[in-house]
Amino acid sequence: QVQLVESGGGLVQAGGSLRLSCAASVRTFGRYAMGWFRQAAGKEREFVAGISSSGGSTYYADSVKGRFTISRDNAKNTVYLQMNSLKAEDTAVYYCAASPGLVGGSRVPYDYWGQGTQVTVSS
């Protein structure tokens, strides 16, 4: 069982930055690919970014490429999402998720989810 706890959300002005963190309580964190998803009010959940278990490969939705960066520290059992140049349309609840495999991305199954952290970008 993997437990995930997100933190770092909040209110920020358009153009600003936030860094989300997701701490995992699992001994084999390095065997899981990780992802960030988001769900805006009234919309379906969407993939934002993913990273392979080793951190060697990253994946991004077109809407965040060049603005968001996903990274991980396997020694700390933590995955991060650095969000720059934030826009009002980035407002959503952001979820961290874990996939039991080496490869990340939008098409792998994510079996474990955090409770989410709210990001609100004011225009």
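Q: In what sense do strands S2 and S11 pair, and over how many bridges?
A: S2 and S11 pair in the parallel sense over four bridges, and this meets the criterion because two strands count as paired if DSSP finds at least two bridges between them. In S11, the bridge partner of Gln13 is Ser122. Strands here are DSSP runs of E with at least two residues, numbered from the N terminus.

Q: What kind of model is this, and which residues and atoms enter the values?
A: This is a predicted model, in which local features need pLDDT of at least 70 and side-chain atom pairs count only at pLDDT 80 or more, while totals for chains, interfaces and linings use all residues. Residues are numbered from 1 along each chain as its sequence is written, and side-chain values use heavy atoms, with hydrogens and water left out.

Q: How do you know that S9 and S11 are paired?
A: DSSP gives three bridges between S9 and S11, in the antiparallel sense, against a requirement of at least two, and therefore the strands count as paired. Ala92 stands opposite Val119 in S11.

Q: What makes strands S1 and S7 the edges of their sheet?
A: Four strands form an open sheet in the order S1-S3-S8-S7, with antiparallel pairing. S1 (3-7) and S7 (68-73) each have a single partner strand, so one side of each is left without a neighbour in the sheet. The twist averages 15° from one strand to the next, where axes are lines fitted to C-alpha atoms and angles between N-to-C directions run from 0 to 180 degrees. For S1, the partner is S3 (residues 18-25), paired in the antiparallel sense over five bridges, and Val5 stands opposite Ala23 in S3. S1 has a covered face with Leu4 and Glu6, and an uncovered face with Gln3, Val5 and Ser7.

Q: Why is Ser99 called buried, whereas Gly15 is called exposed?
A: Buried means under 20% relative accessible area and exposed over 50%, with partly exposed in between (1.4 Å probe, protein chains only). Ser99, in strand S9, has 3% relative accessibility and therefore counts as buried, while Gly15 has 55% and therefore counts as exposed. Gly15 lies in the loop between S2 (10-13) and S3.

Q: Which residues are in contact with Ser99 and with Gly15?
A: Contact means heavy atoms within 4.5 Å. Leaving aside neighbours within four places in sequence, Ser99 is in contact with Arg31, Tyr32, Ala33, Val108, Pro109 and Tyr110, and Gly15 with Ser85 and Leu86.

Q: What makes the side chains of S11 an alternating set?
A: Thr117, Val119 and Val121 point to one face and are buried, while Gln118, Thr120 and Ser122 point to the other face and are not buried.

Q: Why is the pair of Tyr32 and Tyr112 called edge-to-face?
A: Rings of Phe, Tyr and Trp (its six-membered ring) pair if their centres lie within 6.5 Å, with planes under 30 degrees apart counted as stacked, over 60 as edge-to-face and the rest as tilted. A search of the whole structure finds five aromatic pairs. In the pair of Tyr32 and Tyr112 the centres are 6.2 Å apart and the planes stand at 75°, so the pair is edge-to-face. Tyr32 is in the loop between S3 and S4 and Tyr112 is in S10, 80 residues apart, and both are buried.

Q: How do you know that Phe37 and Tyr110 tie together distant parts of the sequence?
A: Their rings form an edge-to-face pair, 5.0 Å centre to centre with 80° between the planes. Phe37 lies in S4 and Tyr110 in the loop between S9 and S10, so the pair joins parts that are 73 residues apart in sequence. Phe37, at 8% relative accessibility, counts as buried, and so does Tyr110 at 10%. Ring pairs link Phe37, Phe47, Tyr110 and Trp113 into a cluster.

Q: Why is the charged end of Arg45 said to sit over the ring of Trp113?
A: The charged end of Arg45 is 3.8 Å from the centre of the Trp113 ring, and a charge sits over a ring if NZ of Lys or CZ of Arg is within 6 Å of the ring centre and within 35 degrees of the ring normal. The charged end of Arg72 likewise sits over the ring of Phe29, 4.4 Å from its centre.
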